[in-house]
Amino acid sequence: MYNFNYYTPTEVVFGKAAEEKTGAMLKKYGAKKVLLHYGSGSVIRSGLLNRIKKSLEEQEIAYVELGGVVPNPRLTKVYEGIELCRKEKVDFLLAVGGGSVLDSAKAIGYGLVNEGDVWDFYEHTRKASGCMPLGVVVTIAAAGSEMSSSSVITNEERGMKRGYNDDAGRPKFAIMNPELTMTLPAYQTSSGCADILMHTQERYFTSGGNMELTDSLAEGLMRTVITNAKILMEQPDNYDARAEILWASSLSHNGLTGCGIKAGDFVCHALEHEIGAMFDVAHGAGLAAVWGSWARYVYKDCLSRFVKFAKNVMLVDMDGSDEEIALAGIEALENFYRAINMPTNMRELGVEPTDEQIDAMAHGVALAKGEKFGSAKVLCEADAAAIYRMAR
Ligand code: NZQ
Ligand code: ZN
């Protein structure tokens, strides 16, 4: 077991009608003037935004609004938010929506308390000295940004999607009502489930240091997501299934399933971020499209973990060599993706990159991750290109 720091400062308010406590939570954390940040309209259509405003007004908390965040959130919107907050003297950020809105709010927060261009942090040329405090009301179980240190922003001018990790960006509080996720289109629900699984897998398929407790938590989390994702295909309004998935989204990416491991892998995320930057796909669906190819490319170097995954998560029960069991586990997860209408290659994702585009994406992975990357198997740019080609 490796040494670790586990830091989860976010206060979670979970359950039915949780959003009614938004104003009280803002007051508790000292907010005087809030930026109400949201996406392209789902929170307006569901009536959530009005309920949040009412909750703020009851606590006499002033606010300004900035909507229009899109999936794969854009840097230009971040700049717009920074300018608005400076002008309006905002002292607290409230993100209402999915990972894209939350990440956009985090980026605005970095931009507000640091001089210079906020994109520097996403290019890793310098570190932020802090972030304006933020709270979140989550409307989709997926990215886990509500408890994570990450923010992922797309620089549309330069065609780059990049993440920045910093504990300063972890939200002060997260309001999580599973009912709010019932209005999601089925594709977004499934895409979110794929992302949740991946956040755990990126930490599970590693070269060492795994502890029994962390493995058990990770395996239980993955089995729970698989079971409840299938329930939601038939019963999208099933409260308990929504609740299981929503809580899994937070726990899969707040560090819990990474305690004691040597290093996370995160190659599938790097591969997807390039696809997202080039083709603007849903993040979780993009991950599902490359996972099987990545797994078949690396499994021999991480065989014991793939066998464990096959037996304990996909419940593969067969006689055979370790390689056969590992491959059966990979196939079982792909079958699960098919069952929830997720792609298992890029064509099913709806993108058909040319050879030049694949080389450009592989180069982007190397720019973001360095010459060598990955933990299940250490890879380089040529390996990334080979995996993209397998995933066509
Ligand atoms: O914009 P609106 O109208 O709200 O519609 C959104 C959007 O179209 C819709 N939606 C969200 N909640 C809804 C809803 N529609 C109906 N009812 C609801 N309750 O769903 C669509 C997707 O929203 P988005 O916020 O993009 O989804 P997600 O949470 O999957 O976030 C994806 C982004 O997060 C990044 C991804 O790369 C991607 O940019 N990630 C962030 C991470 C982090 N900060 O820790 C980690 C992840 O690995 C990931 O990279
Ligand atoms: Zn993700």
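Let's start with disulfides: how many does this structure have? The count comes to zero, and I should say right away that this is a predicted model. To count, two cysteine sulfur atoms must lie within 2.5 Å of each other. Take Cys-193: its closest cysteine sulfur belongs to Cys-268 and is 17 Å away, so that is too far for a bond. Cys-302 is in no disulfide either, with the sulfur of Cys-268 as its nearest cysteine sulfur at 12 Å. Are these two cysteines buried or exposed? Cys-193 is buried, because its relative accessibility is 1%. Cys-302 has a relative accessible area of 4%, so Cys-302 is buried as well.

Now, please find the zinc ion, ligand 2. Which residues hold the protein donors? They are Asp-195, through an OD atom, and three histidines, His-199, His-269 and His-283, each through NE2. The distances to the zinc ion run from 2.0 to 2.2 Å. If you follow the sequence, the spacing of the donor residues reads D-x3-H-x69-H-x13-H. Two of them sit in helices: His-199 in helix 7, residues 186-204, and His-283 in helix 11, residues 283-298, so this pair ties together parts that lie 84 residues apart in sequence. His-199 and His-283 are both buried.

Keep your eye on His-199 as we move to ligand 1. A polar side-chain atom of His-199 is 2.7 Å from an oxygen atom of ligand 1, and His-199 is also one of the zinc donors. What else touches ligand 1 through polar atoms? Ser-42 has a side-chain N or O atom 2.7 Å from an oxygen of the ligand. For Thr-139, a side-chain N or O atom lies 2.8 Å from a nitrogen of the ligand. On its own, ligand 1 has 960 Å² of accessible area, and the protein covers 90% of it.

How many residues surround ligand 1? The answer is 33, and the closest are Ser-42, Ser-100, Asp-103, Ser-148 and His-199. Several elements each give at least two residues to this shell: helix 5 (99-113), strand 6 (150-155), helix 7 and helix 10 (267-279).

Next, a single residue, Asp-215. You will find Asp-215 in helix 8, which spans residues 212-234. Asp-215 counts as buried, because its relative accessibility is 4%, and the cut-off for buried is under 20%. Leaving out residues up to four places away in sequence, Asp-215 touches Tyr-204, Asn-210, Arg-305 and Lys-308.

Let's turn to backbone angles. Two residues that are not glycine have a positive phi: His-124, at about 60°, and Asn-341, near 60°. Where do they sit? His-124 is in the loop between helix 6 (119-122) and strand 5 (134-138). Asn-341 is in the loop between helix 13 (322-339) and helix 14 (346-349). With a relative accessible area of 54%, Asn-341 is exposed.

Last stop: Ala-24, in helix 1, residues 22-28. Its relative accessible area is 38%, so Ala-24 counts as partly exposed. How far apart are Ala-24 and Ala-285 in space? From C-alpha to C-alpha the distance is 36 Å, and in sequence the two are 261 residues apart.

Notes. Residues are numbered from 1 along each chain as its sequence is written. Chains are lettered from A and ligands numbered from 1 in the order in which they are written. This is a predicted model: local features need pLDDT of at least 70, side-chain atom pairs count only at pLDDT 80 or more; totals for chains, interfaces and linings use all residues. Side-chain values use heavy atoms; hydrogens and water are left out. Helices (H or I, at least four residues) and strands (E, at least two) are DSSP runs, numbered from the N terminus. Buried means under 20% relative accessible area, exposed over 50%, partly exposed in between (1.4 Å probe, protein chains only). Contact means heavy atoms within 4.5 Å. Donors are N, O and S atoms within 2.8 Å of the metal (3.2 Å for Na, K and Ca); water is not among the atoms, so sites may look incomplete. A residue is near a molecule or strand if one of its heavy atoms lies within 4 Å of it. A polar contact is a pair of N or O atoms within 3.5 Å; within protein, one must be able to donate a hydrogen and the other to accept it, and residues adjacent in sequence count only if both atoms are side-chain atoms. Accessible areas come from the Shrake-Rupley method with a 1.4 Å probe; for residues, only the protein chains shown count as cover.
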